[in-house]
Amino acid sequence: MDCPSEHEQMITEPLLSNRKGGIRTLPFILANEAFESLANYGLFPNLILYLTREYRIDAAKGAHVLFLLSSATNFTPILGAFLADTYVGRYRMIGFGCMASLLGMVLLWLTTFPEARPPPCVQLSYNCKSATTLQLLLLYTAFCFLAIGAGGIRSSSLAFGADQLGTSNSLEHARIRESFFSWYYGIVAASVFLGMTFVVYIQDNIGWMVGFGVPVVLMILSSLSFFVASPSYVKSKPKASWITGLAQVVVGSIRNRRIKLSSQATDKVDYHTTGSMLLVPSEKLRFLNKACIIRNPQEDLTPDGKASDPWSLCTVDQVEDLKALIKVIPIWSAGMLKSVNVSQGSFLVLQASTMNRHITSKFEVPAASFPSIVVLVITTWVVLYDRIIIPLVSRVKGKIVCLNLKQRMGIGILLSTISMAALAIAESFRRETAIKEGFPDNPNAELHISAMWLLPYFVLSGLAEAFNAIGQNEFFYTELPKSMSSVASTLQGLGLSAASLVSSFIVSAVRDFTKGEAQESWVSSNINKGHYDYYYWLLTILSLVNFIYYLVCSKSYGPCRQEKWFDR
């Protein structure tokens, strides 16, 4: 009888055995991410209402604060991944993230107590007290810990789960990893949807204290889920990060800038690792090739053939990795600019809060739950596209038919542009209704206009994300070398972070340029006096320019690997 391999034992033996990792640890990792996502996405949608109504912060300033929070929340996972890979390890990073997130949610819950926020104000007037410095410090400290915690957990959760399954490339292990990834993304999507509906409903109907208390309980469950299985985890040791490798190429090429490159054959030797398929660097971005040239083998290499100073001599693979990353940046930037439209959620909640959201006479959809439509549209479209539309069209054509990655990304940017035009039209009708019904000075009045006017925007926005965001992720994974798979997974988050900063800049610029002594800015706190429709039309124009920019970038990029495969 054959003895099972060590990895097979790791997967099949029970939880209380001495073996580490395996399938038995995955439910705890999935539960940790599920509760964390449920808690966070239950908090974020309603924050604009909390800031404007409870802290009486100007709508544009409140949006600015949330743009910065969103940017930090999307950027900290990149920093967390670097620290986890290089210094502390994934287990410690997730544990630190759990504690930081829990502290942030507890602090945010404490802001719901009367002493921690401005006193109630029945009607907006000049006598209403603003938040004190200490009250704002407590609020912003909570936001900082939430962003730090998200960076700790989201940077390492998926990779830490993959660590538990080992590195075997057998068909059985590949199937298990694929199943884990599917469950991971499915659970995160379900958590986001529940957070935007269930938790938001509690905040709207029971109050902020209970509504912010629920995420605290969820985060406690998330932390317990993770730590309870600590003895059974595989805890990989940190190693060099891809960020370090790319930085070494930049530094090395600068240090070796005096080396003269020639297009003719020379006696220069390029440094490469044993077994590497790349022996000579490509001719594109030739300046970077200086980082991998061996000038003096006795000085540049150790006796065992390794670089004596990796900041002066890099491998050909490192150089080509950086070139591949630089090549995709223009297309990444177009996707980032598209994400500016997705970042407008705070203003959408303000709009929806003034519209008729009743499904029945007794049930009213919370304003902050409307963005959950985007999640539903993405999920529905992915199933329809992958399981029905593509197989049906392929059967009719008699061959495999599908849109290539660049086409999908382009369609996504175009749909995003149309969605902003739909939103501008909806806001124009909403504002008109507010003025006709005599509520120009009351931004909180409920109007006789259905919130379904916003539905075209959410549907088109969901389709745009399904085409562009998913296509962009696949594009990065396909185009970048396998050694940079972790880079591919962080580019999307980096794009969302940059998009939030760009959104903040646009809002600040619009507010400053459109506000006068006797004139409200387009993004006024009083959305009935402001002109959010003009603001959305501005974003529509910028999106159209971005679409043209994408077409230029796409043509300049040339055929991607997927197109080459289909050509064969």
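In which helix is the place of phenylalanine 476? The place of this residue is in helix α16. Please bear in mind, colleagues, that the structure before you is a predicted model.

I shall stay with helix α16 for a moment. With a relative accessibility of 0%, phenylalanine 476 counts as buried, since buried means under 20%. Its C-alpha lies 8.4 Å from that of valine 487, and the two residues are 11 apart in the sequence. Glutamate 479 also has its place in helix α16, which covers residues 455-479. Is glutamate 479 buried or exposed? At 8% relative accessibility, glutamate 479 counts as buried. The side chain of glutamate 479 is joined to that of tyrosine 557 by a polar contact of 2.6 Å.

I turn next to helix α12, which runs over residues 316-342. Its 27 residues, taken at 1.5 Å a residue, should span 39 Å. The C-alpha atoms at its ends are in fact 39 Å apart in the model, so expectation and model agree. The helix nevertheless has a kink of about 40 degrees, located at isoleucine 329. The kink comes shortly before a proline, proline 330. How many of the residues of α12 are buried? The number is 20 of the 27, and therefore the helix is largely enclosed by the rest of the structure.

Let us now move to the surface. A nonpolar surface patch of about 450 Å² is formed by Phe75, Leu79, Leu83, Tyr87 and Val88. One of these residues, valine 88, is found in helix α4, which comprises residues 59-88. Valine 88 counts as partly exposed, because its relative accessibility is 35% and that class lies between 20% and 50%.

My last topic is the backbone in two loops. Where does arginine 56 lie? Arginine 56 is in the loop between α3, residues 47-54, and α4. Although arginine 56 is not a glycine, its phi is positive, at about 50 degrees. Leucine 285 belongs to the loop between β1, residues 269-270, and β2, residues 293-294. Phi of leucine 285 is also positive, near 50 degrees, in a residue other than glycine. As for its surroundings, leucine 285 is partly exposed, since its relative accessible area is 43%.

To close, I would ask you to keep two places in view. One is the polar contact between the side chains of glutamate 479 and tyrosine 557. The other is the kink at isoleucine 329 in α12. Thank you for your attention.

Key. Residues numbered from 1 in each chain as written. Predicted model: local features only at pLDDT ≥ 70, side-chain atom pairs only at ≥ 80, totals over all residues. Heavy atoms only, no water. Helix = DSSP H or I, 4+ residues; strand = E, 2+ residues; numbered from the N terminus. Expected span 1.5 Å × (residues − 1). Bend = angle between axes of the 7 residues up to and from the residue. Buried < 20%, exposed > 50% of the residue type's maximum accessible area, 1.4 Å probe, protein only. Polar contact = N/O pair within 3.5 Å; in protein donor to acceptor, adjacent residues only side chain to side chain. Patch = residues over 30% accessible without salt bridge, like charges linked within 9 Å, V, L, I, M, F, W, Y side chains within 5 Å. Areas by Shrake-Rupley, 256 points an atom, 1.4 Å probe, with all protein chains shown as cover. Salt bridge = Lys/Arg side-chain N within 4 Å of Asp/Glu carboxyl O.
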